[in-house]
Structure formats: structure tokens, C-alpha cells
Amino acid sequence: MTNQELYKELLRKLSNLDFIKPEEIPNIDLYMDQVTTFMNDHLADAKRREDDKILTKTMINNYAKNNLLPPPVKKKYSKEHMLLLIFIYYMKSFLSITDIQELFSPLTSHFGKTEKWNLEDIYSEVVSFESEEMHRLLKDIYAKFHLSKTSFADASGTEQEELQLFSFICMLGFDVYLKKRMIETIIDIRKSEKDKKD
């Protein structure tokens, strides 16, 4: 596969990714098996490998033990539990459990409340930026890919393709690294301010 073909496949995969919309989440409380089935079905396109698990019973139990998720009520999980699980799913790929705990503390304070900013409202607001953010991301990936094609101009053939692909991956990786560091810095500053108040 050439780098150009790889780039097209990358765009195809990205365009297939979709977020769970709030209205897709059942309005009834679900048992553990129903929760894992729902998540595994609705986030199947996000799996890297066919046999990857999106969410397991063990994961859910660990999230509850680590105070990322309030305990179920009579062994049933509400729509709010589902929303938190979706946030956890996305964030665990680049943040530690401790960082997610810290980040979630304001969110979990809204759990079970019917005030203006309940969890469904918060989730809906965040997801509303999805298409605009995807458009920006695709433009950025396009720019990085074309910049990588200017690298290693002195190399030739297969060696050039490999080195240019490595350049592209490094550019994508540097972007991820910087954004992860920014999020961690925000979490650390907030925690430090909170600790001073306590």
C-alpha cells in the first residue's frame, strides 16, 4: 500500500467514526449485560481489532471502585451512568484513571440532578461540536500528510515512502503529545487550586 493509499484508508476510517448521540441511549435503566452489549454495539467502529472489547463487567466494576462512576441502583445503570461510561471510554486512551477522577469530579456532582446542567445536557453540548471539530481535524491531517511528502527529498523509492510515513506519524504523535500535556497541566492546576481551598 502506498502512502497515498494509506492516507485515503485513514480518511475512510475516520469518516466512519461516530459518537453515540444522547437520543440513542435508552431512557430506561439497564442491567450490566445490557450496558456492555449497548456500548460494544454502538462503539464497534472504534475498535482497533475485531476481538477488542469496548467495555467489560470488570472495567465497569473498576470504574465504580475508583469513584469514576456512581454505583448502580438495584443493579441497574441509568442513562447518566451510560454518559459517564462513554466519556470514560474516550478519555482512558490518553489519560490515567487518576486524571479522569480529577476531571470528572465536577461532572459527577451533577449526577442524578435535574438542574439546568445535568449530565445529558453536558454531553449534548460537547457532542454538538463533533462535526466542526472533525472538519478541522481532517484539514490538519491533510496539511500534515502533504508536509510529510516534502520530507526526505534526497531519499528514493521505498526508503523515501517509509521515511515520509514515519514523518507523518511523528507529526500526528507530536500533536497528540502536546494536547495530552495541555490536558494534564489543566488538571494539575485545577487540583492544586482545589487543594489550596481545602
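A nonpolar core is here a set of buried Ala, Val, Leu, Ile, Met, Phe, Trp, Tyr and Cys residues that are joined through side-chain atoms within 4.5 Å. The views below show a predicted model.

**View 1. The largest nonpolar core and the helices that supply it.** Of the 33 residues in this core, Ile20, Val35, Met39, Leu55, Ile60, Leu85 and Phe104 touch the most other members. At least two core residues come from each of the helices α2 (32-42), α3 (57-65), α4 (79-91), α5 (97-108) and α6 (119-127), and α4 gives the most, with nine residues. Apart from this core lies another of six residues, which include Leu14, Phe145, Leu165 and Phe168.

**View 2. The surroundings of Ile60.** When residues up to four places away in sequence are not counted, isoleucine 60 touches Met32, Val35, Thr36, Leu55, Leu69, Tyr77 and Leu85. Among these partners, Val35, Leu55 and Leu85 are, with Ile60 itself, listed with the residues that touch the most other members of the largest core.

**View 3. The buried residues of α5 and their cover.** Asp99, Ile100, Glu102, Phe104 and Leu107 are buried in α5, and what covers the buried residues of this helix includes α4, α6 and α8 (157-197).

**View 4. Ser148 in helix α7.** Serine 148 is found in α7, which comprises residues 130-148, and this serine counts as buried because its relative accessibility is 2%, where buried means under 20%. With neighbours within four places in sequence left aside, serine 148 is in contact with Gln164, Ser167, Phe168 and Met171, and Phe168 is also one of the six residues of the core that lies apart from the largest one.

How values were computed. Residues numbered from 1 in each chain as written. Predicted model: local features only at pLDDT ≥ 70, side-chain atom pairs only at ≥ 80, totals over all residues. Heavy atoms only, no water. Buried < 20%, exposed > 50% of the residue type's maximum accessible area, 1.4 Å probe, protein only. Helix = DSSP H or I, 4+ residues; strand = E, 2+ residues; numbered from the N terminus. Contact = heavy atoms within 4.5 Å.
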